[in-house]
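Dear colleague,

Here is the structure I promised to pass on. My notes on it follow below.

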Amino acid sequence: MRIGIGISIDGSKAVHDQFRLDHKGNGTFDRVSSKFKKYKNKIDDGIGILSVINIEACPVETVDAFFDLGGTRVDFLLPEANHVKAPFTPENVNYTYGSWLVAAFKAWNENPKKAK
């Protein structure tokens with residue numbers, strides 16, 4: 001059996017630190033990204049990225065942030081939702097969740113930093 005490891009990072013420092021705060025209210029991007037960089041090559045199959053979609057963030061910039069970290073795999077997650085409550089959708093955004101995912105997929109496949 002193979003078990004993978006994933007670290008939650010939601011994009012660039014500005015995007016991640018919007019919602020990922022420690023108990024003192026400080027952003028966690030620097031701490032999380034340093035651990036990702038430290039351990040990404042020490043795990044046989046690498047470390048995956050778990051990312052909650054923020055449709056206020058540019059999907060291309062989000063994907064670029066993951067490649068800058070050295071990411072090779074990402075799982076995008078919808079914000080908290082269930083059959084009664086849809087994911088939070090702010091007003092005046094350029095994307096639906098579906099169009100955001102399509103743009104992120106295209107950016108991932110076309111990124112020049114992508115491992116061949």
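Helices and strands here are DSSP runs, of at least four residues for a helix and at least two for a strand, and they are numbered from the N terminus. With that settled, Asn-92 can be placed in the loop between β3 and α4, the latter covering residues 97-110. Please keep in mind that this is a predicted model.

Overall picture

The protein chain contains four helices and three strands. Read from the N terminus, their order is β-α-α-β-α-β-α. The C-alpha trace spans about 40 × 40 × 30 Å along its principal axes. The radius of gyration of the protein chain is 15 Å, which agrees with the value near 13 Å for a compact globule of 116 residues. Of these 116 residues, 33% count as buried. Among contacts with a separation of 6 or more, 67% are between residues 24 or more positions apart.

Surface and charge

About 7,900 Å² of the protein chain is exposed, and carbon and sulfur atoms supply 55% of that area. There are 16 positive and 14 negative side chains, and the centres of the two sets are 8 Å apart.

Confidence

Mean pLDDT for the protein chain is 87, with 97% of the residues at 70 or more. Among the elements, helix α1 (residues 13-19) has the highest mean, 94, and strand β1 (residues 5-8) the lowest, 89.

Two residues

Leu-77 belongs to strand β3, which covers residues 74-77. Is Leu-77 buried, partly exposed or exposed? Its relative accessibility is 39%, and buried means under 20% while exposed means over 50%, so Leu-77 counts as partly exposed. Once neighbours within four places in sequence are set aside, Leu-77 is in contact with Leu-50, Ser-51, Val-52 and Ile-53. Asn-54 is 23 residues away from Leu-77 along the chain, and the two C-alpha atoms are separated by 9.5 Å.

The other residue is Asn-92, in the β3 to α4 loop mentioned above. Asn-92 is not a glycine, yet its phi is positive, at about 60°. The relative accessible area of Asn-92 is 79%, and the cut-off for exposed is over 50%, so Asn-92 counts as exposed.

Regards

Technical notes: Residues are numbered from 1 along each chain as its sequence is written. This is a predicted model: local features need pLDDT of at least 70, side-chain atom pairs count only at pLDDT 80 or more; totals for chains, interfaces and linings use all residues. Side-chain values use heavy atoms; hydrogens and water are left out. The radius of gyration is taken over C-alpha atoms; the globule rule is 2.2 Å times the number of residues to the power 0.38. Buried means under 20% relative accessible area, exposed over 50%, partly exposed in between (1.4 Å probe, protein chains only). Contact means heavy atoms within 4.5 Å. Accessible areas come from the Shrake-Rupley method with a 1.4 Å probe; for residues, only the protein chains shown count as cover. Lys and Arg count as positive and Asp and Glu as negative; His and the chain ends are not counted. The place of a charge is taken as NZ of Lys, CZ of Arg, CG of Asp or CD of Glu. pLDDT is the predictor's confidence in each residue, from 0 to 100.
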